[in-house]
Protein chains: 2
Amino acid sequence: MAKADFPREQEAGAIRRRNEQAILQAAEGVFARHGYRGASLQEIAHQAGLPKSNVLYYMGSKRKLYVRLLERMMTRWNAILDSISPEDDPVEVISAFIRAKIQLSRSHPAGSRLFASEILGGAPFLQDYLQGELREWVENRAAVLRQWAARGLMDPVDPVWLIFLIWSSTQHYADFETQVLGITGRTTLDDEDLEEITQFLIRVVIKGCGIKRPAAVETPPDTLQTAER
Amino acid sequence: MAKADFPREQEAGAIRRRNEQAILQAAEGVFARHGYRGASLQEIAHQAGLPKSNVLYYMGSKRKLYVRLLERMMTRWNAILDSISPEDDPVEVISAFIRAKIQLSRSHPAGSRLFASEILGGAPFLQDYLQGELREWVENRAAVLRQWAARGLMDPVDPVWLIFLIWSSTQHYADFETQVLGITGRTTLDDEDLEEITQFLIRVVIKGCGIKRPAAVETPPDTLQTAER
DNA sequence: TCAATTCTTGACCACATGGTCAGCTTTATC
DNA sequence: GATAAAGCTGACCATGTGGTCAAGAATTGA
């Protein structure tokens, strides 16, 4: 009946926005947990505190709801995976990337898992994205990494495998959170843990690939901070 | 040895074994793709080339079938994740571990994905395993790594995060194969690719954590070489 | 005020789900 | 060859699925 949370709520489409948000959030969790097929609209509706018919009213169909969630997650990624240039400081770029990736896993764990579930299922809805947009993204970054290697700013490792290494090791803390918690015997990963993990990953990747800061014109000789040889 | 093609086959329980194998293999794929809820016995039966009733006849229930698959995968893992001692050569051990893990991802991709799907879903069937057997396994290895660090054989990094790093970066090539293929534009990852990836991961981890061979009778020329096993 | 629009939802549908069962056929054993 | 055991499976069931719909309730705009 009368929701009457904020009767003074007046912006156009306020009801729609509120309900859609509730549905999207609920659906993200359920889809992440059970996959596309395993998720049921009944459960999503229940989590959102609405009757099933209402979910269909707003979202049209299960498929549309799912696609919308995937697109929302892609948007979040795009907001973070900005472009880099060969002139950038490799240490900075790699560190920032790892840090951003971990934070995204933390701020949107359900979305990360949703994505993982979609890939596990063979990416029926994301084939195009993988082979198009994302592939291009990877290739661009790989090209920059190769230039860095050529200039001696890092070891000549295959950039694509390096990107996958960063991707997987950061993604892990969202997708496999259950495993991490179970094994470490914790109930949550707090900010402190995450910071520690971030530092660890940055350290290992930087050192492991021999990534160096560019020798700036004015900089005194040899400032190797994190890594040691 | 005896394969199942001829009707003249007659070790005790040969029929049962053959059909169960067919069902298990089919089920592993379907569960991996769609998760526990999303998988249907109909599809499993179809993949196995049997009527649905027959699947139930052999497996009892969907749940039993699923649990059995999980247990089979745990067994495979146990066969590889053998124990280590502080006296072992760290470089050897880490290299062998990474290599074995990659090979398991390759030899049993569906099983790996099945496991991933179970974890993604919150590990409803594997909570005990994670908090018991596996946790113990990790803690034992972590203890050894700490001793290595104390003896200066590696940097004093947190061993648990290191284990997760290895775990996630190797697991990735099974669980997210679709993504890897899509992005790299390949249709399969052949043995050569896998070997390259293995070498890369070993190199980065060994170098990144400053893992050294114990000072033995002779020290080989310092440039890192990948261990073989 | 009053009509147009948006929202809400229970009843309903065709179909798929996991699981049971009874009766059949095949295989194993003596 | 007889009998027991194992294997097989279509018909069937209760329940759950995604989705439709119509009719009413609430909100909006003039």
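In this predicted model, helices α1(B) and α3(B) pack with their axes within 10 Å of each other and a crossing angle of roughly 105°. That angle makes α1(B) roughly perpendicular to α3(B). On the α1(B) side the contact is formed by N19(B), E20(B) and I23(B), and these meet V55(B), Y58(B) and M59(B) of α3(B). Sorted by class, the residues of this α1(B)–α3(B) contact comprise four nonpolar, one polar and one charged.

Helix α1(B) also packs against α4(B). Here the axes again come within 10 Å, and the crossing angle is roughly 100°, so α1(B) and α4(B) are roughly perpendicular to each other. From α1(B), the residues involved are L24(B), A27(B), E28(B), F31(B) and Y36(B); α4(B) answers with L65(B), Y66(B) and L69(B). Seven residues of the α1(B)–α4(B) contact are nonpolar and one is charged, with no polar residue taking part.

Turning to the assembly, a rotation of 180° with a shift of 0.0 Å along the axis lays chain B on chain A with an RMSD of 0.1 Å. The two copies are thus related as by a two-fold rotation axis. Chain A and chain B each bring 48 residues to their mutual contact. On chain B, the elements supplying at least two residues each to the side that touches chain A are α1 (14-38), α6 (109-120), α7 (127-150), α8 (159-175), α9 (177-184) and α10 (191-208). That side of chain B holds 23 nonpolar, 17 polar and eight charged residues. Because 100% of the interface residues of chain B are also interface residues in chain A, the copies meet through the same surface.

A helix pair between the chains gives a closer view of this contact. The axes of α6(A), residues 109-120, and α6(B) come within 11 Å and cross at roughly 155°; the two helices are therefore roughly antiparallel to each other. The crossing of α6(A) past α6(B) is left-handed. In α6(A), the participants are R113(A), A116(A), S117(A) and L120(A), which meet R113(B), A116(B), S117(B) and L120(B) of α6(B). The α6(A)–α6(B) contact thereby has four nonpolar, two polar and two charged residues.

The DNA strands remain to be described. Around DNA strand C lie 21 residues, of which R16(A), S53(A), S40(B), S61(B) and K62(B) come nearest. Both chains take part in the surface near this strand: two or more residues come from each of α1 (14-38) and α3 (52-59) of chain A, and likewise from each of α2 (41-48), α3 (52-59) and α4 (62-80) of chain B. The surface near DNA strand C contains nine nonpolar, nine polar and three charged residues.

For DNA strand D there are 22 surrounding residues, and those that come nearest are S40(A), S61(A), K62(A), R16(B) and S53(B). The elements giving two or more residues to the surface near DNA strand D are α2 (41-48), α3 and α4 (62-80) of chain A, along with α1 and α3 of chain B. In the surface near DNA strand D, ten residues are nonpolar, nine are polar and three are charged. Helices α1 and α3 of chain B, whose mutual packing opened this account, thus return here among the elements that contribute to the surface near DNA strand D.

Key. Residues are numbered from 1 along each chain as its sequence is written. Chains are lettered from A and ligands numbered from 1 in the order in which they are written. This is a predicted model: local features need pLDDT of at least 70, side-chain atom pairs count only at pLDDT 80 or more; totals for chains, interfaces and linings use all residues. A residue is near a molecule or strand if its C-beta atom, placed from the backbone, lies within 6 Å of it. Helices (H or I, at least four residues) and strands (E, at least two) are DSSP runs, numbered from the N terminus. Ala, Val, Leu, Ile, Met, Phe, Trp, Tyr, Cys and Pro count as nonpolar, Asp, Glu, Lys and Arg as charged, and the others, Gly among them, as polar. Two residues are in contact if their C-beta atoms, placed from the backbone, lie within 7 Å. Axes are lines fitted to C-alpha atoms, for helices over the stretch in contact, and angles run from 0 to 180 degrees between N-to-C directions. Angles under 35 degrees count as roughly parallel, over 145 as roughly antiparallel, 65 to 115 as roughly perpendicular and the rest as oblique. Copies are superposed by least squares on the C-alpha atoms of residues with pLDDT of at least 70 in both. A crossing is left-handed if the near helix is turned anticlockwise from the far one by less than a right angle, and right-handed if clockwise.
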